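Work through the exercises below with the sequence and the structure at hand. Each task is followed by a solution in steps.

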Amino acid sequence: MSETGPHSTVKRYRFEAGREEGAGDLLPSELLVLIPEVLDPQYGMYVWPCAVVLAQYVWFHRRLVCGKRILEIGAGVSLPGIVAAKCGAEIILSDNAEFPQCLDNCRRSCQMNNLSGVHVMGLTWGQMSPNLLTLPPVDIILASDVFFEPEDFEDVISTVKYLMEENPHAQFWTTYQVRSADWSIEGLLCKWEMKSIFVPLEFFDANNEHLAGSSLPGRHTIEMIVITTNKAT
């Protein structure tokens, strides 16, 4: 970690090749990502445990993400999206349009990792904004810990469902921290005609308290799911 200012730091995340299927000589065997963090009350200004787990999932599937158009929602400091971009994906980073400081942090993450041409946009869950309506079809939607406040759950799912209407084969890759046994999105997925698959952490080498050379996710209980529309075959 290195200091960049009185209230900011840069954290380093190093991903290394493991036992993933389909590894070949065209795939990077190691990736270093630099993430600027700001000590700020806004949630999106630093890396949360879920983001490291989702970034590990993206890294594990780097052959799959290469060449795909990927949107990260609620990106914050954008660790999963930056990993996808470094693995050859066409990335769009988004966060709440009302938090321009989070969008600025997305841009700083891109600059710090020498990524040019990454589109950063304001996208507020549950709102049919011009940015949402003009988005091109995406193949994968990324989100870490967006199921944080129960009152936001349906806004997230309805936004993802709209995106999947543009591409019924799109997948929503998301991680969430288990905070209450009473919180569930299964009823909302049924309402919006979607389905989920639980992915055990050991399937992508994420069953570890310390991922990518960091102290995260620690002892937090993180779960990984892949969501698709019922129209997907």
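**Exercise 1.** Check whether the length of helix α1 (residues 49-60) agrees with a rise of 1.5 Å a residue.

Solution. The model is predicted. The expected span is 1.5 Å times one less than the number of residues. For the twelve residues of α1 this gives 16 Å. The end C-alpha atoms of α1 are 17 Å apart, which agrees.

**Exercise 2.** Decide whether α1 is enclosed or not by the rest of the structure.

Solution. A residue is buried under 20% relative accessible area. The buried residues of α1 include P49, Q56 and F60. Twelve of the twelve residues are buried, so α1 is largely enclosed by the rest of the structure.

**Exercise 3.** Describe the largest nonpolar core and find which element gives the most to this core.

Solution. The core has 48 residues, and F15, L79, V83 and W173 have the most contacts inside it. Elements that give two or more residues include β2 (8-16), α3 (79-86) and α4 (100-112). α1 gives the most, with ten residues. Apart from this core lies another of 26 residues, among them L71 and V156. Returning to F15, its contacts include A55, Q56 and W59, as well as L79 and V83.

**Exercise 4.** Describe how α1 packs on α3.

Solution. Two packed helices are described by the angle between their axes and the distance between the axes. Here the angle is about 15 degrees and the axes are 8 Å apart. Angles under 35 degrees count as roughly parallel, so α1 is roughly parallel to α3. The contact is made by A51, V52, L54, A55, V58 and W59 of α1 and L79, P80, V83 and A84 of α3. The crossing is right-handed.

Conventions
Residues are numbered from 1 along each chain as its sequence is written. This is a predicted model: local features need pLDDT of at least 70, side-chain atom pairs count only at pLDDT 80 or more; totals for chains, interfaces and linings use all residues. Side-chain values use heavy atoms; hydrogens and water are left out. Helices (H or I, at least four residues) and strands (E, at least two) are DSSP runs, numbered from the N terminus. Buried means under 20% relative accessible area, exposed over 50%, partly exposed in between (1.4 Å probe, protein chains only). A nonpolar core is a set of buried Ala, Val, Leu, Ile, Met, Phe, Trp, Tyr and Cys residues joined through side-chain atoms within 4.5 Å. Contact means heavy atoms within 4.5 Å. Axes are lines fitted to C-alpha atoms, for helices over the stretch in contact, and angles run from 0 to 180 degrees between N-to-C directions. Angles under 35 degrees count as roughly parallel, over 145 as roughly antiparallel, 65 to 115 as roughly perpendicular and the rest as oblique. A crossing is left-handed if the near helix is turned anticlockwise from the far one by less than a right angle, and right-handed if clockwise. Lists of a residue's contacts leave out its neighbours within four places in sequence.
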